Amino acid sequence: MQAALRPAPAEPPAAAEPFFPPQLLARLDKNGPRYTSYPTADRYSGDFDAEQYRQALRQRRASCTTEPLSLYVHIPFCDSVCYYCACNKVVTRHHDRAARYLDALAREIALHVAELGQGVPVSQLHFGGGTPTFLSDEELDRLMADLRDAFRFEPDAEISIEVDPRTATPQRLEKLRKLGFNRLSFGVQDFDARVQVAVHRVQSFEEVRDLMQSARALGYASVNVDLIYGLPLQTTESFARTIAQVSALRPDRIALYAYAHLPERFKPQRRINVADLPDRATRVGLLSAAIEGFLKQGYTYIGMDHFALNTDALAIAKQRGELHRNFQGYSTQPDRDLVALGVSAIGRIGDTYSQNAKDLDAYYAAIESGRFAVERGLALSADDLARRDVIMDIMCQGKVDFARVEARHGLRFGDYFGPELSQAANLAELGLVNLRAGELRVTGLGWYFVRAVAMTFDGYLRTVSTGASYSRII
């Protein structure tokens, strides 16, 4: 399909102009998926159960693949609640509750070994939560030993963990390093004192600075920082100070997430005063200031909510067209089969997605009776697979080669995606994509709205009623 369109800017507008043109915001100010997978997790169904998951594992083993696995381990416990949090968590001061959970994880690991075999190679491990550092040194020793006994970690495996700066110490980081962790992600969110009180997460710049210095001295390959914009009491001025402070710390990567206020789904958010939340114009200003600030400090905008230093492997992967995306966001590693362990954890095996029970008691009941805790999931259809390829090409490479999709899925792109190409022509008129013969390419401006481009090809969004709740694109 050929479209005669005005050329879109290779880079976002200059700082003298609105970073996001108002007429564009008016068209694209809507909710949308983050596409850490396609189909997205809200499409999973209880029709896919533990037995189907077991069959997917057996099919993987029968295929005799040598591809390494990724592992994700969910640790749900937190010492205190952060009001903005939308994660699956258990807030408790009783650290002895971790013992039963570790027993369950050991049994869940054993269930996977029984189906996959001993010593399957692993190239990536991530501990998320909750607060993974809720576990004591001895408990982390035990969990890592269980994982290393079951799987074979490749020498250059990425082993990462999310760290709460309020509860970590340099000594803790040293322990994690000895256990094999080589990547850290610090949850900062905002350094402004008023914002921290409003969301019940108080931590000083100095605490984070000292931990980052320790991490550097200990030889961590990558140190990341998570931020959130759209939190209560944030202003463009206060957030600009946070951006400057974070930039001064020089994290290798920065994740900048948009706060989604969904108190009907996430009870802790009911403690946030709605009147304190930034209005639409302020939210746009927060994002615009962050993008401009990080770009000026030598960071590359990877896509959607990720930044990386120009020398970081993620930035280099983007330049080379080698980005990938998985449940943790953008990655240099291919979206491989993912074994997900723990309550609510989401995994991928072959052409299936699965999620463990979200309720801790239900998770325990399954695992302690010798069953996988998978509560829902999805076996992807041929249509799902074709659309996943297109959406991930958009999200990761910023382009779709029609001939490649045709060859892989046995379809005629223009016929199969006719309505989608008509919608893409509208995005082209807005300067978000260029359509050429046999190719769709995201423009420099379009990268900042890449979710909107990807949504064009989402077959599930074409239904009249989806029942899904997503975060704002901006």
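Begin by selecting Leu147 in this predicted model. Beyond its neighbours within four places in sequence, Leu147 is in contact with Leu71, Val73, Ile109, Leu125, Phe127, Phe153 and Leu341. Leu147 is also, with Tyr363 and Phe449, among the residues that have the most contacts inside the largest nonpolar core, a set of 134 residues. Helix 3 (residues 98-116) should be displayed next, as the element that gives the most to this core, with nine residues. A second, separate core comprises twelve residues, including Cys82, Tyr84, Leu231 and Leu277.

Proceed to helix 7 (residues 205-217). Its 13 residues, at 1.5 Å a residue, should span 18 Å, and the end C-alpha atoms are indeed 18 Å apart. Its buried residues are Phe205, Val208, Leu211, Met212, Ser214 and Ala215. To view what covers them, add helix 5 (170-178), strand 7 (183-189), strand 8 (222-229) and helix 8 (236-249), which are included in that cover. Just after helix 7, select Gly219, which takes a positive phi of about 85°.

The remaining stops concern salt bridges, of which the whole structure has 30. Select Asp164 and Arg201: their closest N and O atoms are 3.3 Å apart. Asp164 lies in the loop between strand 6 (151-163) and helix 5, whereas Arg201 lies in the loop between helix 6 (193-199) and helix 7. Both Asp164 and Arg201 are buried.

Next, select Glu420 and Arg462, a salt bridge with closest N and O atoms 3.4 Å apart. Glu420 belongs to helix 15 (residues 418-429) and Arg462 to the loop between helix 16 (450-455) and strand 21 (471-472), so the pair ties together parts 42 residues apart in sequence. Glu420 is buried, at 2% relative accessible area, whereas Arg462, at 44%, counts as partly exposed.

Notes. Residues are numbered from 1 along each chain as its sequence is written. This is a predicted model: local features need pLDDT of at least 70, side-chain atom pairs count only at pLDDT 80 or more; totals for chains, interfaces and linings use all residues. Side-chain values use heavy atoms; hydrogens and water are left out. A nonpolar core is a set of buried Ala, Val, Leu, Ile, Met, Phe, Trp, Tyr and Cys residues joined through side-chain atoms within 4.5 Å. Buried means under 20% relative accessible area, exposed over 50%, partly exposed in between (1.4 Å probe, protein chains only). Helices (H or I, at least four residues) and strands (E, at least two) are DSSP runs, numbered from the N terminus. Contact means heavy atoms within 4.5 Å. The expected span of a helix is 1.5 Å times one less than its number of residues. A salt bridge is a side-chain nitrogen of Lys or Arg within 4 Å of a carboxyl oxygen of Asp or Glu.
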